[in-house]
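Work through the exercises below with the model open. Each task is followed by a stepwise solution.

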Amino acid sequence: PPTAPARVAPQTISTSQINVFWDASTSQNVTKYNLRINGSTVIPDITFLSYAVRNLTPNTTYTFEVQAVNSSGAVSNWTNPVSAM
């Protein structure tokens, strides 16, 4: 399986939007990423190194984890969770 991205960095844009950025996986053939929010909601098949999470509840802390997916469909471990409000 591929390696997980090394760094995940959320950036609060407004009370209802957090942009999440991550480093590319160092593995070859990584074609997309999955983003997990609060340990349950998964946004699959992201082809960029960032994602804008919108329609969030103000004054609420969210956690984010990223997983790399290679061209064969193998997935990395999730990154360590990072939080932002």
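**Exercise 1: Strand pairing**

Strand β6 (residues 62-70) pairs with β7 in the antiparallel sense, over 3 bridges. The model is a predicted one.

Task: Find which residue of β7 is the bridge partner of threonine 63, then place the two strands in their sheet.

Solution.
1. Start at threonine 63. Its bridge partner in β7 is serine 83.
2. Extend to the whole sheet. The sheet is open and has 4 strands, in the order β4-β3-β6-β7. The pairing is antiparallel.
3. Identify the edges. These are β4 (41-46) and β7 (82-84), each of which pairs on one side only.
4. Add the twist. From one strand to the next it averages 30°.

**Exercise 2: A salt bridge between β6 and β3**

Task: Name the salt-bridge partner of glutamate 65 and decide whether glutamate 65 is buried or exposed.

Solution.
1. Find the partner. The side chain of glutamate 65 meets that of arginine 36 in a salt bridge, at 2.9 Å from N to O.
2. Locate both residues. Glutamate 65 lies in strand β6 and arginine 36 in strand β3, so the pair ties together parts 29 residues apart in sequence.
3. Check the accessibility. Glutamate 65 has a relative accessible area of 9%. Buried means under 20%, so glutamate 65 is buried.

**Exercise 3: A salt bridge between β4 and β3**

Task: Describe the contact between aspartate 45 and lysine 32, and classify the accessibility of aspartate 45 and of lysine 32.

Solution.
1. Describe the contact. The two side chains, of aspartate 45 and lysine 32, form a salt bridge with an N to O distance of 3.1 Å.
2. Locate the ends. Aspartate 45 is in strand β4 and lysine 32 in strand β3, 13 residues apart.
3. Classify each. Aspartate 45 has a relative accessible area of 47%, so it is partly exposed. Lysine 32, at 26%, is partly exposed.

**Exercise 4: A salt bridge outside the strands**

Task: How many salt bridges does a search of the whole structure find, and where do aspartate 23 and arginine 7 lie?

Solution.
1. Take the count. The search finds 3 salt bridges.
2. Turn to aspartate 23. It forms a salt bridge with arginine 7, with the closest N and O atoms 3.1 Å apart.
3. Place the residues. Aspartate 23 sits in the loop between β2 (17-22) and β3 (30-37), and arginine 7 in the segment before β1 (8-14). They are 16 residues apart, and the pair links distant parts of the chain.
4. Read the accessibility. Aspartate 23 is partly exposed at 27%. Arginine 7 is partly exposed at 42%.

How values were computed:
Residues are numbered from 1 along each chain as its sequence is written. This is a predicted model: local features need pLDDT of at least 70, side-chain atom pairs count only at pLDDT 80 or more; totals for chains, interfaces and linings use all residues. Side-chain values use heavy atoms; hydrogens and water are left out. Two strands pair if DSSP finds at least two bridges between them. Axes are lines fitted to C-alpha atoms, for helices over the stretch in contact, and angles run from 0 to 180 degrees between N-to-C directions. A salt bridge is a side-chain nitrogen of Lys or Arg within 4 Å of a carboxyl oxygen of Asp or Glu. Buried means under 20% relative accessible area, exposed over 50%, partly exposed in between (1.4 Å probe, protein chains only).
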